[in-house]
Amino acid sequence: MKYNRVEELCNIHTNLSVADVQKINEIVVTLPLIADLNKANVFVDCPTKDGKHALVVAEAVPKTAKSVYKKTVVGKLVYEAFEPSVLFTLRTGKPMFLNRALTQEGKTVDQSVVPIIADNNRIIGTLIMEKDISEQVRYQQKMEALSEATETLSGILIGMTENRPIIPEVIEESLFFIDQEGKILYSNPAASNLIQEIGEDNFTPGDLLIDYFPIIKGILNDSEELLVQEVNILNKVFQIKKITLGQHVKSNGTFVIFKNITELREKERELIVKSVAIREIHHRVKNNLQTVASLLRLQIRRGLPEESKVHFVESLNRIASIASVHEIILANSSVDDVDIYSLIEKIGNMLVVEAEHENQKVSISYSGPPHLLIKSNKAVSVALVINELIQNCVKHAFNSINEGKISVQFAQYGNEIHVLVLDNGTGYTPKSKNSLGLEIVGMIVEHDLSGDFSIGPAETGTIALVRFPIDREVVEE
């Protein structure tokens, strides 16, 4: 377990004391043993500062069973809507056992929660055990659906025997009802048309369905009562659904439904082609921006008046920050999502290296939840804001000291993302007129991010805070 990670998350996102964090760490050391013993994932969640959510500060994956999660969830928020038991235990101190919850990866789990109590009887966190029951739930839902389908379809069959066609004759899917031997007992008009499409004009009830569609023989012979597969027929893609009626109904048999999904698959193919095209656009934009940056560097090297050099460098950094957005998109599987942590880290490291070239000793650190994604159009605005704030620290904060430190912290609080930039420099001095960089920050935050920006003196140095709302498109992996 990375205890420094636990302490870092608790210090940033919770109100826990040093003694509380030490208590949490004492429990964290036992998590791997608990996970292996129970064949389950175990976690420690602590309440956030606002008390509305919880934060995963530690986890352990069992070596004795398959993990519930594909990726680590340390540093992610826990919402009451998905895991009510966690928030209930944090607020009341009452344990909860074997309650169903929905994980951040969409799996259904059995969840048990017990409180972690400090020496003064304060609740400082929860110990959670989760076991994956997704397959069990899917099987249960499948059986319930099959039971309902069997009851409904048996009524349909009774209606057919009484010459009362209950099945809508206008449904688009081609529907066949066959007996245990595979003979066609019923077909709707769409099904009859499908048989004519394959060139068979002499269709009569009682024929074997596989004589017309040999490709579905494996589907019909499969022992599953409810089965869905895709097949290619006549250069088209069909989704085949097989629903077998059980022995307890009046008439035994199987419904086979053909649904033409060719258009759907074609649209998916077009989306893939468009996705490739979008990635190519991002690639070309990145290359063009890097070309412009290279031209600016070349001009700087060839010589500039000293009063002009700083403006060239600032413009160069702004262009490089925008290029970073496109570079991160190309490095990810998504064509339009950007990881905030990766973006901030890339821009910060670039600016610190630039400072080192100017003989400044500046170090930078980052903290925040991994895999918090925003759309690329918003990421460009965030990149420019981060560039200006870090560049402002490098340019103004450390003029009178030998070494400087910059800390960039970001977190999600409810419906907002907060980005904090701190330095240990000489401190912020309000001026009658802000610098161009800070004016750019204020304008972008207000108009592009619909948020707010503040800057002022910290206990040591300067602190700048940017807050902006999360729109519906922001996701946390």
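Thirteen helices and 19 strands make up the secondary structure of this protein chain, and the model you are looking at is a predicted one. Of the 477 residues in the chain, 43% are buried. Among contacts with a separation of 6 or more, 57% join residues that are 24 or more positions apart. On the outside, the protein chain exposes about 25,500 Å², and carbon and sulfur atoms supply 52% of that area.

Let us turn to the interior. The largest nonpolar core has 42 residues, and Leu343, Ile406, Val408 and Val419 are those with the most contacts inside it. Helix 12, spanning residues 376-397, gives the most to this core, contributing 11 residues. Apart from this core lies another, of 37 residues, which includes Ala35, Tyr69, Val78 and Val109.

Here are the two cores next to each other:

| Nonpolar core | Number of residues | Residues include |
|---|---|---|
| Largest core | 42 residues | Leu343, Ile406, Val408, Val419 |
| Another core, apart from it | 37 residues | Ala35, Tyr69, Val78, Val109 |

Val419 is a good residue to click on. Which residues does valine 419 contact once its neighbours within four places in sequence are left aside? They are Ile344, Ile386, Val408, Gln409, Phe410, Ala464, Leu465, Val466 and Phe468. Val408, one of these partners, is also listed with Val419 among the residues with the most contacts inside the largest core.

Helix 6 is worth a visit too. In this helix, residues 189-197, the buried residues are Ala190, Ala191, Leu194 and Ile195. Why do they lie on the same side of helix 6? They do so because they cover an arc of only 145° around the axis. The general background is that an α-helix has 3.6 residues a turn, so residues three or four places apart point the same way. The buried residues of helix 6 pack against strand 7 (174-178), strand 8 (184-187), helix 7 (209-212), strand 10 (236-245) and strand 11 (253-260). Just after helix 6 comes glycine 199, with a positive phi of about 95°.

Finally, the empty spaces. A search of the whole structure finds three cavities of 30 Å³ or more, and the largest cavity has a volume of about 70 Å³. Ten residues line this largest cavity, with Val56, Tyr69, Val78, Glu83 and Glu130 the closest to its centre. Strand 1 (41-47) and strand 6 (123-132) are the elements that give two or more residues to its lining. Tyr69 and Val78, named here in the lining, also belong to the core of 37 residues.

How values were computed. Residues numbered from 1 in each chain as written. Predicted model: local features only at pLDDT ≥ 70, side-chain atom pairs only at ≥ 80, totals over all residues. Heavy atoms only, no water. Core = buried A, V, L, I, M, F, W, Y, C linked by side-chain atoms within 4.5 Å. Buried < 20%, exposed > 50% of the residue type's maximum accessible area, 1.4 Å probe, protein only. Helix = DSSP H or I, 4+ residues; strand = E, 2+ residues; numbered from the N terminus. Contact = heavy atoms within 4.5 Å. Arc of directions from axis to C-beta. Areas by Shrake-Rupley, 256 points an atom, 1.4 Å probe, with all protein chains shown as cover. 1 Å grid on protein atoms, 1.4 Å probe; cavity = no way out; pocket = protein on both sides within 12 Å on 5 of 7 lines; lining within 4 Å. Points joined across faces, edges and corners; volume = space filled by probe spheres on them.
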